[in-house]
Each structure stands twice: as C-alpha cells, then as structure tokens.
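Please look over the sequence and the model shown below before reading on. The paragraphs after it are meant to be followed with the structure in view.

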Amino acid sequence: LLDALARNHTVAINTNGIALSQDVAHKLKSFGVRDIRISLDSHDAEINDYLRGKGSYQKVIEGIHNLNAQNIPFKAQCTLNHMNVHTIAGLAEKLFQ
C-alpha cells in the first residue's frame with residue numbers, strides 16, 4: 001500500500017467498513033489514501049444486518065463517521081436484491097446528510 005502510494009499510484013480500498021476505527025481512519029489519512037469504497041446495503045439496520053451480519057450496520061456507520069472526521073471521501077457500494085431494493089432512496093438520503 002505505502003509503496004504504491006509513494007509511486008503516486010491511485011489506491012482504492014474496498015471494505016465492509018466494520019474495522020474503520022478512529023485510528024485506522026487516521027492512518028489512512030496519513031498514508032494519503034483518497035479512494036475508499038464501503039459496502040452498505042440499506043439504511044435500515046435490520047435489513048443491512050440480515051445481509052451483512054448482526055451489528056454490522058452500526059459498525060459501518062461509525063466507520064463512516066471516522067472517515068468524515070478525517071475528511072476522507074468514500075463511496076458506498078450496495079448489492080441490490082429483493083430485500084433492500086425498496087430502501088435505496090433512504091440509503092442515499094442517509095449518506096448525503
């Protein structure tokens with residue numbers, strides 16, 4: 001990661017977002033990472049947790065807050081299915097608050 005960044009390569013990190021602690025976000029900022037993609041499948045915690053694992057929604061939201069605190073931009077990735085397709089507008093609204 002550091003070698004690629006030192007060579008001015010664009011580095012994109014895809015993550016489920018559950019491990020984006022304040023410390024990790026700070027390190028990513030200090031490394032110069034500017035492209036992070038987080039999996040989030042619904043603004044409804046129950047639906048997201050069903051699809052991604054119990055407690056994952058809250059951890060991802062905390063990770064997003066930690067990225068925001070470091071002014072690190074991110075993109076949300078969503079896998080659409082019959083359980084969450086009706087929640088996409090709410091997810092977009094939540095992310096742009």
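What follows goes from the overall fold to the surface and then to the largest pocket.

This is a predicted model, and its secondary structure consists of five helices and three strands. Followed from the N terminus, these elements come in the order α-β-α-β-α-α-β-α. Taken along the principal axes, the C-alpha atoms occupy a box of roughly 45 × 25 × 20 Å. Among the contacts in the protein with a separation of 6 or more, 63% are made by residues that lie 24 or more positions apart.

Turning from the fold to the surface, the protein has 97 residues, of which 31% count as buried. The protein exposes about 6,200 Å² in total, and carbon and sulfur atoms supply 52% of that area. As for charge, the protein carries 10 positive and 9 negative charges, and the mean positions of these two sets are 8 Å apart.

The last stop is the largest pocket, which has a volume of about 200 Å³. Which elements give two or more residues to its lining? They are helix H4, spanning 56–69, and helix H5, spanning 88–95. Helix H4 provides the largest share of the lining, with four residues. In sequence order, the residues that line the largest pocket begin with Ile61, Ile64, His65 and Asn68, go on to Phe74, and end with Lys94, Leu95, Phe96 and Gln97, so that a reader tracing the lining in the model can start from helix H4 (56–69) and then turn to helix H5 (88–95).

Key:
Residues are numbered from 1 along each chain as its sequence is written. This is a predicted model: local features need pLDDT of at least 70, side-chain atom pairs count only at pLDDT 80 or more; totals for chains, interfaces and linings use all residues. Side-chain values use heavy atoms; hydrogens and water are left out. Buried means under 20% relative accessible area, exposed over 50%, partly exposed in between (1.4 Å probe, protein chains only). Contact means heavy atoms within 4.5 Å. Accessible areas come from the Shrake-Rupley method with a 1.4 Å probe; for residues, only the protein chains shown count as cover. Lys and Arg count as positive and Asp and Glu as negative; His and the chain ends are not counted. The place of a charge is taken as NZ of Lys, CZ of Arg, CG of Asp or CD of Glu. On a 1 Å grid over the protein atoms alone, a cavity is a set of points where a 1.4 Å probe fits but cannot get out, and a pocket is an open set with protein on both sides within 12 Å along at least five of seven lines; lining residues have an atom within 4 Å of a point. Grid points are joined across faces, edges and corners, and a volume is the space filled by probe spheres set on the points.
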